[in-house]
Amino acid sequence: MKEIEIKLRISDRAAVLRRIAELGWRARGERELERNFVYDRPDGELRAAGCLLRVRDWAGVCLLTLKLPAAGAGLHKVKEEFEVEASDSAALGKILEGLGYRLAWRYEKYRTYFELKNAPGVIVLDETPIGEFLELEGEPAWIDRTALELGFSSQVYITDTYGALFEEHRARNAGVGADMVFSGSVGPSSG
């Protein structure tokens with residue numbers, strides 16, 4: 001499946017949430033903690049190739065995701081993405097380790113999905129240890145129109161991954177740990 005998305009850094013959460021509501025979008029369910037475990041070969045082969053192999057665990061759902069390298073540089077991040085749902089993220093991790101992959105990085109975020117009847121895209125709010133972001137996922141024209149309706153121009157689009165954003169954050173902030181997790185987080189064996 002093709003994934004087309006952008007991120008937008010939020011500086012005024014209340015204003016953004018107000019604007020989302022004014023446009024008719026409503027939160028779908030509760031804000032949920034997502035725990036993500038990125039796997040790679042010991043030599044970093046997948047990351048070097050621009051691929052992502054991830055186990056995501058949230059609200060009783062577990063997904064194994066493979067994202068292939070981004071297709072060209074542009075305003076929007078475009079990747080081929082393949083996902084399969086599973087019942088046990090710890091077992092998935094053991095399977096991947098048995099195949100020669102290793103846990104390379106962990107990241108967490110609180111995610112809230114927003115929905116609008118018949119909307120051809122998705123808005124999500126991600127609260128991360130490095131700041132808050134909106135993600136808009138859909139066709140490019142819908143992303144551009146929705147970003148403008150929310151008060152964002154294409155000049156502030158972010159197409160970097162959370163991994164790249166975290167590495168930039170670590171470079172600017174001495175003493176930041178290797179994983180993008182909230183304080184008090186538990187290790188990968190529990191999830």
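These legends describe close-up views of a predicted model.

**View 1. The largest nonpolar core has 19 residues.** Leu-8, Ile-20, Ile-123, Leu-134 and Leu-136 have the most contacts inside this core. Five elements give two or more residues to the core: strand E1 (2-10), helix H1 (13-22), strand E7 (122-128), strand E8 (131-137) and helix H4 (140-149). E1 provides the largest share, four residues. In soluble globular proteins, nonpolar side chains tend to be buried together.

**View 2. Ile-123 and its contacts.** Ile-123 is among the residues with the most contacts inside the largest nonpolar core. Residues up to four places away in sequence are not counted here. Ile-123 touches Ile-20, Trp-25, Thr-112, Tyr-113 and Phe-114, among others. Its contacts also include Leu-134, Glu-135 and Leu-136. Trp-142, Thr-146 and Leu-150 complete the list. Two of these partners, Trp-142 and Thr-146, are buried residues of H4.

**View 3. Helix H4 has a buried side and an exposed side.** Trp-142, Ile-143, Thr-146 and Ala-147 are buried in H4. Why do they lie on the same side of H4? They cover an arc of only 125° around the axis, which puts them there together. An α-helix has 3.6 residues a turn, so residues three or four places apart point the same way. On the other side of H4, Ala-141 and Leu-148 are exposed. The buried residues of the helix pack against E1, E7 and E8. Just after H4 comes Gly-151, with a positive phi of about 95°.

**View 4. Strand E6 pairs with E2 and with E7.** Strand E2 covers residues 26-40, and strand E6 covers residues 102-115. The two run antiparallel and are joined by twelve bridges. Across this pairing, Glu-34 stands opposite Lys-109 in E6. E6 also pairs with E7 in the antiparallel sense, over five bridges. There, Arg-111 has Asp-126 of E7 as its bridge partner.

**View 5. Asn-118 sits in the hairpin of E6 and E7.** This hairpin has six residues between the strands. Asn-118 is found in that loop. Is Asn-118 buried or exposed? It is exposed, because its relative accessible area is 70%, and exposed means over 50%. Asn-118 has a positive phi of about 65° although it is not a glycine. Most residues other than glycine have a negative phi.

**View 6. Ala-59 has a positive phi in the loop between E3 and E4.** The phi of Ala-59 is about 45°, although Ala-59 is not a glycine. Strand E3 (52-58) stands on one side of the loop in sequence, and E4 on the other. Ala-59 counts as partly exposed, at 48% relative accessibility.

**View 7. Thr-65 is a buried residue of strand E4.** E4 spans residues 61-67. Thr-65 has a relative accessible area of 1%, so it counts as buried. Which side chain does Thr-65 meet in a polar contact? Its partner is Glu-83, at 2.9 Å. Leave aside the neighbours within four places in sequence, and Thr-65 is in contact with Leu-52, Leu-53 and Arg-54, along with Glu-81, Phe-82 and Glu-83.

**View 8. Glu-85 is an exposed residue of strand E5.** E5 spans residues 77-86. Glu-85 has 57% relative accessibility, so it counts as exposed. Residues up to four places away in sequence aside, Glu-85 touches Val-61, Cys-62 and Leu-63. Val-55 is 30 residues from Glu-85 along the chain. The C-alpha atoms of Val-55 and Glu-85 are separated by 9.7 Å.

**View 9. Cys-51 and Cys-62 are in a structure with zero disulfides.** Cys-51 is in no disulfide, and its nearest cysteine sulfur is that of Cys-62. Why is there no bond for Cys-62? Its sulfur is 20 Å from the closest cysteine sulfur, in Cys-51, which is too far. A disulfide needs two cysteine sulfur atoms within 2.5 Å. Both residues are buried. The relative accessible area is 19% for Cys-51, and it is 2% for Cys-62. Cys-62 also appears in View 8, as a residue that Glu-85 touches.

Methods: Residues numbered from 1 in each chain as written. Predicted model: local features only at pLDDT ≥ 70, side-chain atom pairs only at ≥ 80, totals over all residues. Heavy atoms only, no water. Buried < 20%, exposed > 50% of the residue type's maximum accessible area, 1.4 Å probe, protein only. Polar contact = N/O pair within 3.5 Å; in protein donor to acceptor, adjacent residues only side chain to side chain. Contact = heavy atoms within 4.5 Å. Core = buried A, V, L, I, M, F, W, Y, C linked by side-chain atoms within 4.5 Å. Arc of directions from axis to C-beta. Pairing = 2+ DSSP bridges.
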